[in-house]
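User: Please take a close look at one strand in this model and what surrounds it. I work at the bench, so keep it brisk.

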Amino acid sequence: MKNKIIDKVHQILDDNKAQDIVIIDLKDKSSIADYMVIASGTSSRHIQAISEITAQKLKSYGIDNCRIEGQESNDWKLIDAIEVIIHIFHPEKRSSYNLEKMWEDVLPKQQITV
């Protein structure tokens, strides 16, 4: 069962029209986080807005150390929310990095949720 923070992350992304949201369960598989979330935005402004809103909402939920990486990038942002790492990509950049495929090769399919 997913924890409450991942449900909140999914809801924030969905409410802000993020596309193709994928959740990868990393618990007991990686030390970087419990979950990785990958989503797409439709433009650089949309990606920026999603990242800022998500970080702000997570801070309001008590995740004070939440921070955004990739400020200089127009097509990718990373939100480090301690338990959850959130990648927000422009679809073309997401396709070239193909993080889902990388983690799919490492983790069994049942740990990746769309």
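Analyst: Take strand β5 as the part to examine. It runs parallel to β2, and 6 bridges join the two. One pair fixes the register: Ala39 stands opposite Ile88 in β5. Keep in mind that this is a predicted model.

How well covered is β5? 6 of its 6 residues are buried, so the strand is largely enclosed by the rest of the structure. Its side chains split two ways. Val84, Ile86 and Ile88 point to one side, while Ile85, His87 and Phe89 point to the other, and all are buried. That fits a general pattern: in a regular strand the side chains alternate between the two faces of the sheet.

Now the other partner. β5 covers residues 84-89 and is joined to β4 by 6 bridges, this time antiparallel. Asp80 has Ile85 of β5 as its bridge partner. The two strands form a hairpin with 2 residues between them. Ile82 sits in that turn, with a positive phi of about 65°.

β4 spans residues 76-81, and 5 of its 6 residues are buried, so this strand too is largely enclosed by the rest of the structure. β4 also pairs with strand β3 (residues 67-69), antiparallel, over 3 bridges. There, Glu69 stands opposite Leu78 of β4. The hairpin of β3 and β4 has 6 residues between the strands. In this hairpin Gly70 takes a positive phi near 85°.

Next, the helices. Helix α1 covers residues 4-15. Its 12 residues should span 16 Å at 1.5 Å a residue, and its end C-alpha atoms are 16 Å apart, which agrees. Its buried residues are Ile5, Ile6, Val9, Ile12 and Leu13. They cover an arc of only 125° around the axis, which puts them on the same side of α1. What covers them includes β5, along with β1 (19-25), β2 and α2 (44-60). After α1 comes Lys17, with a positive phi near 65°.

Helix α2 has 17 residues. From first C-alpha to last it reaches 24 Å, close to the 24 Å expected at 1.5 Å a residue. The buried residues in α2 are His46, Ile47, Gln48, Ile50, Ser51, Thr54, Ala55 and Leu58. β5 is again part of the cover, which also includes α1, β2, β3 and β4. Gly62 follows α2 and has a positive phi, near 100°.

These pieces meet in a core. The largest nonpolar core has 23 residues. Val9, Leu13, Val37, Leu58, Val84 and Ile86 touch the most other members. Within this core, at least two residues come from each of α1, β1, β2, α2, β4 and β5. α1 gives the largest share, 5 residues. Val9 shows how the parts connect. Beyond its neighbours within four places in sequence, Val9 is in contact with Val37, Leu58, Val84 and Ile86. Val84 and Ile86 point the same one way from β5. There is also a second, separate core of 8 residues, including Val22, Met36, Leu99 and Trp103. As a general tendency, nonpolar side chains in soluble globular proteins are buried together.

Finish on the parallel partner, β2. Ser40 lies in this strand, which covers residues 35-40. At 2% relative accessibility, Ser40 counts as buried, because that is under the 20% cut-off. Its side chain makes a polar contact of 2.9 Å with the side chain of Arg94. Outside its neighbours within four places in sequence, Ser40 is in contact with Ala18, Gln19, Ile50, Phe89, Pro91 and Arg94. Two of these residues lead back to parts already described. Phe89 is one of the buried residues of β5, and Ile50 is among those buried in α2.

In short, β5 has β2 as a parallel partner and β4 as an antiparallel one. It is buried at 6 of its 6 residues.

Technical notes. Residues are numbered from 1 along each chain as its sequence is written. This is a predicted model: local features need pLDDT of at least 70, side-chain atom pairs count only at pLDDT 80 or more; totals for chains, interfaces and linings use all residues. Side-chain values use heavy atoms; hydrogens and water are left out. Helices (H or I, at least four residues) and strands (E, at least two) are DSSP runs, numbered from the N terminus. Buried means under 20% relative accessible area, exposed over 50%, partly exposed in between (1.4 Å probe, protein chains only). A polar contact is a pair of N or O atoms within 3.5 Å; within protein, one must be able to donate a hydrogen and the other to accept it, and residues adjacent in sequence count only if both atoms are side-chain atoms. Contact means heavy atoms within 4.5 Å. Two strands pair if DSSP finds at least two bridges between them. The expected span of a helix is 1.5 Å times one less than its number of residues. The arc is that of the directions from the helix axis to the C-beta atoms. A nonpolar core is a set of buried Ala, Val, Leu, Ile, Met, Phe, Trp, Tyr and Cys residues joined through side-chain atoms within 4.5 Å.
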